[in-house]
Amino acid sequence: MKRTHLFFAALLTIICTTAWAQPPIISPPPPDHPLWRHLFSPELVMSNQKAIGLTPQQQESIQAELNKTQPRFFDLMWRLSAEGEEMNVLLRREPVNEEQALEQLNRIMKVENEIKRTHFPLLIRIRNILTPEQRALLNEIRKQSPPSRQGPARPPMGTLPPGGLPSSSGPER
């Protein structure tokens with residue numbers, strides 16, 4: 001039982017610390033992800049603007065979209081950080097109150113969902129600003145780029161790694 005509590009506490013600590021370590025503009029998952037392979041992060045577009053022939057009008061349009069969205073991201077990141085701090089307080093208690101920790105996890109996940117809900121329309125608007133030729137070029141660039149240029153290698157919050165969670169059948173420490 002103690003091992004289960006320790007695993008739960010460690011898992012929640014990892015979730016909280018990685019959650020507020022996210023940059024204000026969150027890159028989408030890898031390009032082979034079925035929902036995201038047709039969308040492009042602002043970072044990918046900005047770092048390849050010459051290669052794709054981004055026009056000054058397109059650049060202004062994308063900057064305007066970022067300027068509209070960025071304040072909301074900063075607000076959400078502050079909220080996520082505060083919720084993460086609260087989770088750390090809960091997890092330092094002995095024993096950890098599982099019900100309170102789960103309620104706090106729900107609050108963290110709610111903010112993360114708001115972040116995703118804010119980010120997704122931004123990515124759609126960026127995609128709609130780009131021409132089909134520019135999108136094709138970005139897809140080629142993304143295929144040839146190392147993973148560090150495509151966003152985080154880890155899965156987005158709320159998804160399990162391949163094979164699910166680690167087994168707790170190992171030796172007790």
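These exercises work through a predicted model of one protein.

**Exercise 1. Fold and surface**

Task: State how many helices and strands the protein has, and describe its surface and its contacts.

Solution.
- Step 1. Count the elements. The protein has five helices and zero strands.
- Step 2. Read them in order. The pattern along the sequence is α-α-α-α-α.
- Step 3. Check burial. Of the 173 residues in the protein, 35% are buried.
- Step 4. Turn to the surface. About 10900 Å² is exposed, and carbon and sulfur atoms supply 59% of that area.
- Step 5. Look at the range of contacts. Take those between residues at least 6 apart in sequence: 83% of them join residues at least 24 apart.

**Exercise 2. Confidence**

Task: Find where the pLDDT is below 50, and say how many contacts the model has for those stretches.

Solution.
- Step 1. Start with the average. The protein averages a pLDDT of 77, and 65% of the residues score at least 70.
- Step 2. Go to residues 4-26. Here the pLDDT is below 50, and the stretch has 43 contacts in the model beyond near neighbours in sequence.
- Step 3. Go to residues 149-173. The pLDDT stays under 50 here too, and the model has 26 contacts beyond four places in sequence for this stretch.
- Step 4. Draw the consequence. Where pLDDT is low, predicted coordinates should not be read in detail.

**Exercise 3. The setting of T69**

Task: Is T69 buried or exposed? Which residues does T69 contact, leaving aside its neighbours within four places in sequence?

Solution.
- Step 1. Place the residue. T69 lies in helix α3, which covers residues 56-92.
- Step 2. Apply the cut-off. T69 has a relative accessible area of 5%. Buried means under 20%, so T69 is buried.
- Step 3. List the partners. Beyond four places in sequence, T69 is in contact with T118, L122 and R125.
- Step 4. Pick out the polar one. The side chains of T69 and R125 make a polar contact at 3.5 Å.

**Exercise 4. Salt bridges around E114**

Task: Which salt bridges does E114 form with R72 and R79, and which helices do they link?

Solution.
- Step 1. Recall the principle. Side chains of opposite charge can pair when their charged atoms come close.
- Step 2. Get the total. The count comes to seven salt bridges.
- Step 3. Take R72. Its salt bridge with E114 has its closest N and O atoms 2.8 Å apart. E114 is in helix α4 and R72 in helix α3, 42 residues apart, and the pair links distant parts of the chain.
- Step 4. Take R79. The side chains of R79 and E114 meet in a salt bridge at 2.8 Å, N to O. R79 lies in helix α3 and E114 in helix α4, so this pair ties together parts 35 residues apart in sequence.
- Step 5. Compare exposure. E114 counts as buried, at 18% relative accessibility. R72 is partly exposed at 32%, and R79 is partly exposed at 31%.

**Exercise 5. A pair within one helix, and a network**

Task: Where do E140 and K143 lie, and which residues do shared salt-bridge partners join into one network?

Solution.
- Step 1. Find the pair. The side chains of E140 and K143 meet in a salt bridge, 3.6 Å from N to O.
- Step 2. Place both residues. E140 and K143 lie in helix α5 (residues 132-144), three residues apart, about one turn of the helix.
- Step 3. Check exposure. E140 is partly exposed, with a relative accessible area of 39%. K143 counts as exposed at 62%.
- Step 4. Trace the network. Salt bridges that share partners join R72, D75, R79 and E114.

**Exercise 6. Helix α4 and residues far back in sequence**

Task: What C-alpha separations are found for I124 with S41 and for N128 with L39?

Solution.
- Step 1. Place I124. This residue is in helix α4 (residues 98-129).
- Step 2. Read its accessibility. I124 counts as partly exposed, at 32%.
- Step 3. Take the distance. I124 and S41 are 83 residues apart along the chain, and their C-alpha atoms are separated by 9.8 Å.
- Step 4. Place N128. This residue is in helix α4, and N128 is exposed, with a relative accessible area of 54%.
- Step 5. Take the second distance. N128 and L39 are 89 residues apart along the chain, with 9.4 Å between their C-alpha atoms.

Definitions and conventions. Residues are numbered from 1 along each chain as its sequence is written. This is a predicted model: local features need pLDDT of at least 70, side-chain atom pairs count only at pLDDT 80 or more; totals for chains, interfaces and linings use all residues. Side-chain values use heavy atoms; hydrogens and water are left out. Helices (H or I, at least four residues) and strands (E, at least two) are DSSP runs, numbered from the N terminus. Buried means under 20% relative accessible area, exposed over 50%, partly exposed in between (1.4 Å probe, protein chains only). A polar contact is a pair of N or O atoms within 3.5 Å; within protein, one must be able to donate a hydrogen and the other to accept it, and residues adjacent in sequence count only if both atoms are side-chain atoms. Contact means heavy atoms within 4.5 Å. Accessible areas come from the Shrake-Rupley method with a 1.4 Å probe; for residues, only the protein chains shown count as cover. pLDDT is the predictor's confidence in each residue, from 0 to 100. A salt bridge is a side-chain nitrogen of Lys or Arg within 4 Å of a carboxyl oxygen of Asp or Glu.
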